Amino acid sequence: MEASTKTAHDFLSFVNASPTPFHAVESAKKRLIAAGFKEIKERHDWTSTCKPGGKYWLTRNGSTILAFAIGMKWKPGNPIAMIGAHTDSPTLRIKPISKSQSEGYMQVGVETYGGGLWHSWFDRDLSVAGRAMVKTDDGKFVQKLVKIDRPILRIPNLAIHLDRQDPFTFSKETQLLPIAGMVAEELKRQGIDAESTDEARDVEDSQARFMPLKKLTERHHLYLVSLIASHAGVKPEEVIDFEMILYDTQKACIGGLHDELMFGQRFDNLGMSFCSTMGLIKSVESPSALEDESSIRLISLFDDEEVGSMTAQGAFSNLLPAIVRRLSVLPSASNYETGIVSTAYEQTVATSFLISADMAHAVNPNFAGKYEARHRPEMNKGTVIKINGQARYTTNAPGIALMQEVARRRNVPLQLFVVSNDSPCGSTIGPMLAAAMGTRTLDLGNPQLAMHSIRETAGTHDVGHAIDLFESFFEHFSELEAKIMVD
C-alpha cells in the first residue's frame, strides 16, 4: 500500500470513529495524548504548568478542542502559528420531545442542523450518536459518549408511482421524519397491549416524585432511551438528558478504479480537523523539534461552524482570543519567574498567522458551468487556497506569498478558487477570527464533491498533501514570518 493510501485509510478510521463533534474531539484527543500532549483546563492557572518545550491540549463543552506546543526559545509577545478548523457537519438532531407515531409506525422527531443536502438523507441506514448526561452514585453529572453501531432509523422515500414531482420537494418538518419500527412490535416487546398503556402510565405517574420536566421515557420512545443508556453503560433511569444526532452507518471507504477517491460522510470538516491535528503532531515528533522554535504551534477545532459559530464553543466565542492572550504572556525558559510584558498580547496577534482550514469545492464534471472558468480545483491536485472579493474568505497576497513558500519547502501542490460572480459564496471561521483578533489569516482546504451531502467524495492523495502542508507551516513559520514585510 502506497503512503498516500495508508494516510487516507488512517483518516477514514478517524471519520468512522467520529459521528459527532464529541466523538471527533475524543478521536483527536487520543492522538494528541499518544503524541505526548498533556491535558490542561481553562479554569486552572497555567503559570506553573505551561512551559517552553511543553505540549498541551484542552477542551470546551467536550465538542471543541485546542492544542499547542511551545517553542524552547519562546518569549512573551512572540508569534503563534495557528490552524483553525471545525468538528461539526450538517446533520439531523433528535428533538427534546421526539416521541411520535403515525399509521402504526414509531417515529422520531428531528430538527435540521446546518445547511444539509437533505434529499440525500432519504433511504439511508441511519443510527444515533452523541452524548448522554448521566447522574452518578455520588450525585455528580458526567458526560458519556454514545454510538449505536447498527441501523435503527430510516427516512423512506415515496414511491415514484404515487408522486412523479420533478424536482423532488418535501417538508423538512413532516416528511423528513425517520421511522424507527412498528408500534405493534414495541408493544409486544413490552408485553402490553395498546389499551393498557394509558392506564399503566397514569398509575406510574401518580407514584412518581416531582420532575420539572417530563420523564425522558415520556419524551422519547422507551426502547430508544434504553438503547442509549445501554451504550452509555448505565441504567435508563440514570440518564438525565442527551444530545443525539443521526448518522449514516455505512462506513467511509476508499473508492475509484485506482483507489484514488474516498466516499463518506462529514469530510466537511473532519478532513481539515484530522489534517491539522496530524500536521501539529508530526511537526513535534522529533525530540529536538522545539529546540530552536521561538513561536507556539497551535490548532483549534471548533464546534458549531455550520450554524454560525455564535456559541460558547464556536469560533465567534472568546476561546481563541482568550487562549492567545494567556499564551502571549508566558515567560521564556531562561526568565521564567519574571513579570508580564504589558503589550505582549498586541505584539503576538500582530505577528501571528492563522490558517482557516475548511474543505473546498472540487469541480463537478456534471455541473462544470456552475464554476468560474479559470478556477476549477481538481481532487488529488493539492490543497485549495480560497479567495473572495466580498471577504467571505480572508486570503490576501501576503498570505499567498507565505503559503507558497511553505508549500514549496515540502513539494505540496496548491490550487486557487474563487466562485463565479453568478454564484453565492459560503464562508468560514476565518473572517470572524481575523476581525476579532486582527491576526493575518488565509482560507484554504482540500477539494471535495457534494459538500453537505450525507455521502461526500474527496481525493485519497489530498489527505497527505494537507498534512505535509500543515507540518511545513508549523516548522517554517518562525523563519518566514520575519520575511513578510507588510504592516
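How many bridges join strand β12 to strand β20, and do the two run parallel or antiparallel? In this predicted model, β12 (residues 261-264) and β20 (residues 456-459) are joined by four bridges and run antiparallel. The points below place this pair in its sheet and then turn to the other sheet and the cores.

1. Within the β12 and β20 pair, Phe263 stands opposite Thr457 in β20. The pair belongs to an open sheet of five strands, ordered β11-β12-β20-β19-β15, in which the pairing is mixed. Its edges are β11 (253-255) and β15 (360-361); each has a single partner strand, so one side of each is left without a neighbour in the sheet.

2. Two helices that pack on this five-stranded sheet may be noted. Helix α1 (residues 3-16) touches β11 and β12, and its direction makes about 140° with that of β11. Helix α12 touches β11, β12, β19 (447-449) and β20, with its direction at about 60° to that of β20.

3. A further open sheet is formed by nine strands in the order β1-β2-β3-β13-β4-β14-β18-β16-β17, again with mixed pairing. Here β1 (38-39) and β17 (414-417) stand at the edges with a single partner strand each, so one side of each lacks a neighbour in the sheet. Helix α8 (residues 319-328) packs on this sheet, where it touches β2 (55-60), β3 (64-70), β4 (80-86) and β13 (296-302); the direction of α8 makes about 160° with that of β13.

4. Strands β14 (residues 353-357) and β18 (residues 440-445) run parallel and are joined by five bridges. Phe353 of this pair stands opposite Arg440 in β18.

5. At the β17 edge, strand β16 (residues 383-386) runs parallel to β17 and is joined to it by four bridges, with Lys386 opposite Phe417. Together with helix α10 (residues 397-408), these two strands make a right-handed β-α-β unit. The covered face of β17 carries Gln415 and Phe417, whereas Leu414 and Leu416 lie on the uncovered one. In general, side chains of a regular strand alternate between the two faces of the sheet.

6. The largest nonpolar core comprises 56 residues, and those with the most contacts inside it are Phe11, Met262, Phe267, Ile355, Met403, Phe470 and Phe473. Helix α12 (residues 460-481) gives the most to this core, contributing nine residues. Beyond its neighbours within four places in sequence, Phe473 is in contact with Ala81, Met82, Ile83, Phe353, Ile355, Leu402, Met403 and Val406. Apart from this core lies another, of 30 residues, including Phe122, Ile148, Leu176 and Leu216.

Technical notes. Residues are numbered from 1 along each chain as its sequence is written. This is a predicted model: local features need pLDDT of at least 70, side-chain atom pairs count only at pLDDT 80 or more; totals for chains, interfaces and linings use all residues. Side-chain values use heavy atoms; hydrogens and water are left out. Two strands pair if DSSP finds at least two bridges between them. Contact means heavy atoms within 4.5 Å. Axes are lines fitted to C-alpha atoms, for helices over the stretch in contact, and angles run from 0 to 180 degrees between N-to-C directions. Buried means under 20% relative accessible area, exposed over 50%, partly exposed in between (1.4 Å probe, protein chains only). A crossover is right-handed if, with the strands pointing away from the viewer, the path from the first strand over the helix to the second runs clockwise. A nonpolar core is a set of buried Ala, Val, Leu, Ile, Met, Phe, Trp, Tyr and Cys residues joined through side-chain atoms within 4.5 Å.
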